[in-house]
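Here's a quick briefing on how the strands pair up in this one. Have a look at the fold first, then we'll walk through it.

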Amino acid sequence: MRAQVLSQAGRPLELASLADPSPKQGEVLVQVAACGVCHSDLHVMRGDIAFPTPCVLGHEMSGTVVALGEGVANVAVGDRVATTFIMPCGACPSCWRGQEELCEKFFALNRLKGRLYDGQTRLFQPDGRPVAMYSMAALAELSVVPATDVFKLPEGLALAEAAVLGCAFFTAFGAVHTTARLSVGETIAVIGTGGVGLATIQLAKAAGAGRIIAVDIAQDKLAAAIAAGATDAVNSLAADAPAQVKELTGGGVDAVVEAVGRGETIVQGVAMARAGGRVVPVGLAGPAATADIPIAHLVRRKIRLMGSFGARPRADMPVVLSLAASGAIDPSAAVTRRYRFEHAWQAYQDLDRGEVIGRAIVVAAD
Ligand SMILES: [Zn+2]
Ligand SMILES: [Zn+2]
């Protein structure tokens, strides 16, 4: 099969031939239809986040099941599926507690070593040298995925666009529901209106948020946020964003989702929350990044600062899919650019330059 291989951080992706992978027990082989273009891959490509190379990135995918390993019962050959970027092992203490987003094997074996849960990769170069897998390594024609993060798509959803359910919408769902626990009528600010930010706005609207304030530095991204359901837009280059959010809401929002992953924007989020409000950072950063939080304000105003990573695949992804099936959220509206598989590197360069509004996807050649 063909795959987009990162030979070394800082180098462009290269289209290469790899051996066709095969699924082992509890795994699913998917013919990839589309892969979402996400900043987390970019962090690895640039070397901000350490990951073994050579590797295949791409962690937000849709496609069709072509083969099953032993013991897989939740999907069948021919099913149209989407996968979540977190691949729970299903057997570690965190998975048993129901906190699949904290799966210990996912971090220890996949995120640190690029392997699946028998400690091996499924990807090899033609000469037998191993290739690391970032999540399910979806920037390829075929992908082996643990069945715990493979979900059958409801009828009527566009297959390629459904790819963005598995990271952008999944991460947004975790932020809005699992972590912030947004209630009907509450106000929310969303800082950073890229792919995850727009998905957060769609989900906040679906959850009945009273006011949804989009905060970004790019006017075209703010316009997209209004189109996605934001009630207000604040350009934080042009205005004192926390002051403006407080003015709009009479004292601050109930919840803030920070989807940028920068110290300054987390500090802004803390300043935008009402007393007793929740601030939920979801944007990833390198391990050295920090945020300079004013302690007295955090303590006296009882601001709750709550990190959120993805969501719980088997508890939350079925809800994300049912919201998409009912039309309450629309993955297709979040997808603004499509790149052919051969042009994946171009997609990530455009994302890096801030040119992508919403989410781009890389689609398989037909
Ligand atoms: Zn992602
Ligand atoms: Zn686990």
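Strand 11 (residues 187-191) and strand 14 run parallel, joined by four bridges. Keep in mind that this is a predicted model. Strand 14 is a good place to begin, and the open sheet comes after that.

**Around strand 14**
- On the strand 11 side, valine 190 has valine 257 of strand 14 as its bridge partner.
- Strand 14 also pairs with strand 15 (residues 273-281), again in the parallel sense, this time over five bridges.
- One of the contacts there puts valine 253 together with alanine 273 of strand 15 as bridge partners.
- To get from strand 14 to strand 15, the chain goes through helix 8 (residues 263-272), and this β-α-β crossover is right-handed.
- Is strand 14 (residues 253-258) buried or exposed? Six of its six residues are buried, so strand 14 is largely enclosed by the rest of the structure.

**The open sheet**
- Elsewhere on our list, five strands make up an open sheet with mixed pairing, and their order is 2-1-4-8-7.
- Which strands sit at the edges? They are strand 2 (14-17) and strand 7 (123-124), each of which pairs on one side only.

**Strands 1 and 2**
- Strand 1 (residues 2-6) pairs with strand 2 in the antiparallel sense, and four bridges link the two.
- To find this pairing in the viewer, look for alanine 3, which stands opposite alanine 16 in strand 2.
- As a general reminder, strands of a sheet pair through backbone hydrogen bonds, in either a parallel or an antiparallel way.

Note on methods: Residues are numbered from 1 along each chain as its sequence is written. Chains are lettered from A and ligands numbered from 1 in the order in which they are written. This is a predicted model: local features need pLDDT of at least 70, side-chain atom pairs count only at pLDDT 80 or more; totals for chains, interfaces and linings use all residues. Two strands pair if DSSP finds at least two bridges between them. A residue is buried if 20 or more other C-beta atoms lie within 10 Å of its own, exposed if 12 or fewer, and partly exposed in between; C-beta atoms are placed from the backbone. A crossover is right-handed if, with the strands pointing away from the viewer, the path from the first strand over the helix to the second runs clockwise.
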